[in-house]
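Thanks for coming. I will go through one model this morning, helix by helix, and keep it short.

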Amino acid sequence: MTLPYAIMVFVTLQRLAELVIASRNTRALKARGAVEYGAAHYPVMIALHGTWLIVLWATVGGRPVNLPMLALFAVLQALRIWVLVTLGSRWTTRIIVLRGAPLVTGGPFRILRHPNYCVVISEIAVLPLVFGLVWVAVLYSLLNAAMLWVRIGAENRVLYDDPHPA
């Protein structure tokens with residue numbers, strides 16, 4: 001297996017594992033009375049990330065790997081893990097709010113309001129650049145920016161504008 005495909009296997013398995021964790025956490029949070037917000041945009045977000053992976057799978061074959069960009073991607077993975085560990089059982093790919101639970105303010109949340117989105121924004125640009133795929137980085141960064149405009153707006157309304165939604 002070539003290095004580009006090995007990287008893609010890693011990223012794909014990572015994303016699939018995260019979906020399993022997110023699904024488990026979502027079920028547990030909902031069982032405790034948590035409510036989901038912004039569900040209408042969730043399929044669009046899944047389609048965006050899914051097509052990003054598909055496009056990468058279809059275009060990385062035989063491409064050289066930019067090792068400094070790969071190192072940056074590895075740093076982003078460490079930051080991703082920091083976010084997931086900090087949120088623990090409250091991490092999910094959906095906007096799930098457990099009433100009465102305080103906002104998480106430790107770990108990377110001491111520095112940024114939305115550290116996971118900063119990681120995702122970076123990953124969507126950096127991974128294609130690992131393979132020299134500038135057009136994929138630009139296209140999906142623009143699409144992701146539009147998606148996050150909707151998502152972060154929904155999340156901010158629930159978590160910060162109205163901390164006790166009905």
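At which residue does H4 bend, and by about how many degrees? The bend is at glutamate 123, and it comes to about 30°. Before going further, note that this is a predicted model.

Let me stay with H4. The helix covers residues 115-130, which is 16 residues. At 1.5 Å a residue the expected span is 22 Å, and the end C-alpha atoms are indeed 22 Å apart, so the two values agree. Glutamate 123, where the bend sits, is also among the buried residues of H4. The others on that list are Pro115, Asn116, Tyr117, Val119, Val120, Ile124, Val126, Leu127, Pro128 and Val130. As for what covers them, the cover includes H1, H2, H3 and H5. Just past the end of H4 comes glycine 132, with a positive phi of about 75°.

On the other side of H4, in the loop that runs from strand S2 to this helix, we find arginine 110. Is arginine 110 buried or exposed? Its relative accessibility is 62%, and the cut-off for exposed is over 50%, so arginine 110 counts as exposed. Apart from neighbours within four places in sequence, arginine 110 touches Trp82 and Thr105.

Next, H1, residues 3-31. H1 has 29 residues, and from first C-alpha to last it reaches 42 Å, close to the expected 42 Å. Its buried residues include Ile7, Met8, Val11 and Leu29, but also Gln14, Arg15, Glu18 and Asn25. Which elements help to cover the buried residues of H1? They include H2, H3, S2 and H4. After H1 comes glycine 33, again a residue with positive phi, here near 100°.

Last, a helix pair. H2, residues 42-59, packs with H5, residues 134-161, at an angle of about 170°, and the axes are 10 Å apart. That angle is over 145 degrees, which means H2 is roughly antiparallel to H5. From H2, the contact takes in Tyr42, Val44, Met45, Leu48, His49, Thr51, Trp52, Val55, Leu56 and Thr59. From H5, the partners are Trp135, Val136, Tyr140, Leu143, Asn144, Met147 and Arg151. By type, the residues of this contact are twelve nonpolar, four polar and one charged. On spacing, a general point: an α-helix has 3.6 residues a turn, so residues three or four places apart point the same way.

That is the tour; I can take questions.

Note on methods. Residues are numbered from 1 along each chain as its sequence is written. This is a predicted model: local features need pLDDT of at least 70, side-chain atom pairs count only at pLDDT 80 or more; totals for chains, interfaces and linings use all residues. Side-chain values use heavy atoms; hydrogens and water are left out. Axes are lines fitted to C-alpha atoms, for helices over the stretch in contact, and angles run from 0 to 180 degrees between N-to-C directions. Helices (H or I, at least four residues) and strands (E, at least two) are DSSP runs, numbered from the N terminus. Angles under 35 degrees count as roughly parallel, over 145 as roughly antiparallel, 65 to 115 as roughly perpendicular and the rest as oblique. Contact means heavy atoms within 4.5 Å. Ala, Val, Leu, Ile, Met, Phe, Trp, Tyr, Cys and Pro count as nonpolar, Asp, Glu, Lys and Arg as charged, and the others, Gly among them, as polar. The expected span of a helix is 1.5 Å times one less than its number of residues. The bend at a residue is the angle between axes fitted to the seven residues ending there and the seven starting there. Buried means under 20% relative accessible area, exposed over 50%, partly exposed in between (1.4 Å probe, protein chains only).
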